[in-house]
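Open the model in your viewer and keep a selection panel at hand. The tour goes from aromatic rings to strands, then to charged pairs and a cavity.

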Amino acid sequence: MRFFWCPLPLLTVVGLIGFCAVLSALSNAPTPPKPMYATANLSALFLPSNEGYSNKETNLSLPVKVFNSENRGIGDANVIAWSLDRKKVYSGVTDLEGNVILKISNPELPPGKAEGYIKIKVMREGYRDFTNDYFLKVIRS
């Protein structure tokens, strides 16, 4: 009687070891950053007309809310906004509820334009950066 060696049990053990190694590597992989979002509770900002305002300083408040996919506010997020002409930058850090008010001083529309957009970028560790080139429309009234 001849004995035939069957490699099936050995291959099964080797396969299980390899499978466990792959599972271990996957469980130690870093988690991907979560998405975050930002919004303003305004539909648009209105600038006063140029008449009589040539020497007056104009200050606007831009309230920004930063939140995650469960609609929970994200604290300690860095919020950066660019002016309409992209020459000035305004920034702030959100509170525990994800709120920040950016003070925009003397906003100016690009030459020859009656409207423009504020660009915004939000950054926080553990989250994907949020960027919106058309965050808020600004109109000269």
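Rings of Phe, Tyr and Trp (its six-membered ring) count as a pair if their centres lie within 6.5 Å; planes under 30 degrees apart make the pair stacked, over 60 edge-to-face, and the rest tilted. By this rule, the model, which is predicted, has 2 aromatic pairs.

**Stop 1: the ring pairs**

Select Tyr37 and Phe67. The ring centres of Tyr37 and Phe67 are 5.8 Å apart and the planes stand at 35 degrees, so the pair is tilted. Because Tyr37 belongs to strand 1 and Phe67 to strand 3, the pair ties together parts that are 30 residues apart in sequence. Which of these two residues is buried, and which is partly exposed? Phe67 is buried, at a relative accessible area of 17%, since buried means under 20%. Tyr37 has 34% and is partly exposed.

Now select Tyr117 and Tyr134. Here the aromatic pair is edge-to-face, with 5.1 Å centre to centre and 90 degrees between the planes. Tyr117 is in strand 7 and Tyr134 in strand 8, so this pair ties together parts 17 residues apart in sequence. Tyr134 is exposed, with a relative accessible area of 58%, whereas Tyr117 is partly exposed at 29%.

**Stop 2: strand 3 and its partners**

Colour strand 3, residues 59-68. Strand 1 (residues 36-39) runs antiparallel to strand 3, and 4 bridges join the two. To see one position of this pairing, select Met36, which stands opposite Asn68 in strand 3.

Next add strand 6, residues 99-105. Strand 3 and strand 6 also pair in the antiparallel sense, over 7 bridges. Leu60 has Ile104 in strand 6 as its bridge partner. Keep Ile104 selected, as Ile104 returns in the cavity lining.

**Stop 3: charged pairs**

How many salt bridges does a search of the whole structure find? The search gives 4, and three of them are worth displaying here, starting with Lys137 and Glu115.

The side chains of Lys137 and Glu115 meet in a salt bridge at 3.4 Å, N to O. This pair links distant parts of the chain, with Lys137 in strand 8 (residues 130-140) and Glu115 in strand 7 (residues 115-123), 22 residues apart. Lys137 is partly exposed, with a relative accessible area of 26%; Glu115 is also partly exposed, at 39%.

Move on to Lys119 and Asp133, whose side chains form a salt bridge at 3.7 Å, N to O. Lys119 in strand 7 and Asp133 in strand 8 are 14 residues apart, and this pair too links distant parts of the chain. The relative accessibility is 24% for Lys119, which counts as partly exposed, and 36% for Asp133, again partly exposed.

Then select Glu70 and Arg72, where the salt bridge spans 3.8 Å, N to O. Arg72 is exposed, with a relative accessible area of 54%.

**Stop 4: the cavity**

Rolling a probe the size of a water molecule over the atoms shows where empty space is left. The structure holds 1 cavity of 30 Å³ or more, and the largest cavity contains about 30 Å³ of space.

Which residues line the largest cavity? Select Trp82, Ser83, Leu84, Tyr90, Ile104, Pro107 and Ile118 to display the lining. By class, the lining residues divide into 6 nonpolar, 1 polar and no charged. Ile104, the bridge partner of Leu60, is one of the lining residues.

Terms used:
Residues numbered from 1 in each chain as written. Predicted model: local features only at pLDDT ≥ 70, side-chain atom pairs only at ≥ 80, totals over all residues. Heavy atoms only, no water. 1 Å grid on protein atoms, 1.4 Å probe; cavity = no way out; pocket = protein on both sides within 12 Å on 5 of 7 lines; lining within 4 Å. Points joined across faces, edges and corners; volume = space filled by probe spheres on them. Nonpolar A, V, L, I, M, F, W, Y, C, P; charged D, E, K, R; others polar. Buried < 20%, exposed > 50% of the residue type's maximum accessible area, 1.4 Å probe, protein only. Helix = DSSP H or I, 4+ residues; strand = E, 2+ residues; numbered from the N terminus. Pairing = 2+ DSSP bridges.
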